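Here are some numbered comments for a reader who is new to structures. Please keep the model open while going through them.

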Amino acid sequence: NPTPFVELDFWKTRQANVEFIFDQLQDGRVRRMAELLERTRSSYFPAFKKMFTDVRAALIEANDISLYLKPLRRQLEGLEEADFSDVTENMVAVMQDRKS
């Protein structure tokens, strides 16, 4: 059975992967190619521009989600290590933190 850590790890990995792709798109050679496609009014330019926009949006999403999930990891680790009798009390604290 997957634990909440699977979701946390997914977003951490997604953030790293999308950041790597975004960094590649920022390379000077790629930027020059994009400028050339735009200047020549290439039929490939709209698709390239959309891909860049989608990657940027995915990076923003992954950064935001990772940022907000980061504090949850520590709390979930505490829940995992707690005695069963303490889980209810710890769970209330986790849920209150999510409200604020």
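1. Begin with the second largest pocket and the kinds of residue around it. By class, its lining is made up of 3 nonpolar, 2 polar and 3 charged residues. The residues in question are L8, W11, K12, Q15, S66, L69, K70 and R73. The space in this pocket comes to about 160 Å³. Please remember throughout that this is a predicted model.

2. Which helices supply the lining of the second largest pocket? At least two residues each come from α1 (4-25) and α3. K12 is an example from the lining, and K12 sits in helix α1. K70 is another of the lining residues, and its place is in helix α3.

3. Are K12 and K70 buried or exposed? K12 has a relative accessible area of 56%, so it is exposed. For K70 the relative accessible area is 65%, and K70 is therefore exposed as well. The cut-off that applies here is over 50% for exposed.

4. How far apart are these residues in the chain and in space? K12 and K70 are 58 residues apart along the chain, and their C-alpha atoms are separated by 9.1 Å. A similar check can be made with W11, another residue of the lining. Between K70 and W11 there are 10.0 Å from C-alpha to C-alpha, with the two residues 59 apart along the chain.

5. The next point is how the helices behind this pocket are arranged. Two packed helices are described by the angle between their axes and the distance between the axes. For α1 and α3, the axes come within 7 Å and cross at roughly 150 degrees. Angles over 145 degrees count as roughly antiparallel, and therefore α1 is roughly antiparallel to α3. The crossing of these two helices is left-handed. In the contact of α1 with α3, the residues divide into 18 nonpolar, 3 polar and 9 charged.

6. Now turn to the largest pocket. Its volume is about 220 Å³. There are 13 residues in its lining, and R31, A34, F45, F48 and F52 are the ones nearest the centre. Divided by class, the lining of the largest pocket has 6 nonpolar, 2 polar and 5 charged residues.

7. Which helix gives the largest share of the lining of the largest pocket? The answer is α3, with 6 residues. Both α2 and α3 supply at least two residues each to this lining. α3 also supplies at least two residues to the lining of the second largest pocket, so a student can follow this helix from one pocket to the other on the model by using the residue lists.

8. One residue in a loop deserves a separate look. R41 lies between α2 (28-39) and α3 (45-81), in the loop that joins their places in the sequence. Its phi is positive, at about 55 degrees, although R41 is not a glycine. Is R41 buried or exposed? With 76% relative accessibility, R41 counts as exposed.

9. Last, the chain as a whole. It has 4 helices and 0 strands. Along the sequence, the pattern reads α-α-α-α. The chain has 100 residues, and 22% of them count as buried. To count as buried, a residue must have under 20% relative accessible area.

Conventions:
Residues numbered from 1 in each chain as written. Predicted model: local features only at pLDDT ≥ 70, side-chain atom pairs only at ≥ 80, totals over all residues. Heavy atoms only, no water. Buried < 20%, exposed > 50% of the residue type's maximum accessible area, 1.4 Å probe, protein only. 1 Å grid on protein atoms, 1.4 Å probe; cavity = no way out; pocket = protein on both sides within 12 Å on 5 of 7 lines; lining within 4 Å. Points joined across faces, edges and corners; volume = space filled by probe spheres on them. Nonpolar A, V, L, I, M, F, W, Y, C, P; charged D, E, K, R; others polar. Axes fitted to C-alpha atoms, helices over the stretch in contact; angles between N-to-C directions. Parallel < 35°, antiparallel > 145°, perpendicular 65-115°, else oblique. Left-handed = near helix turned anticlockwise from the far one by under 90°.
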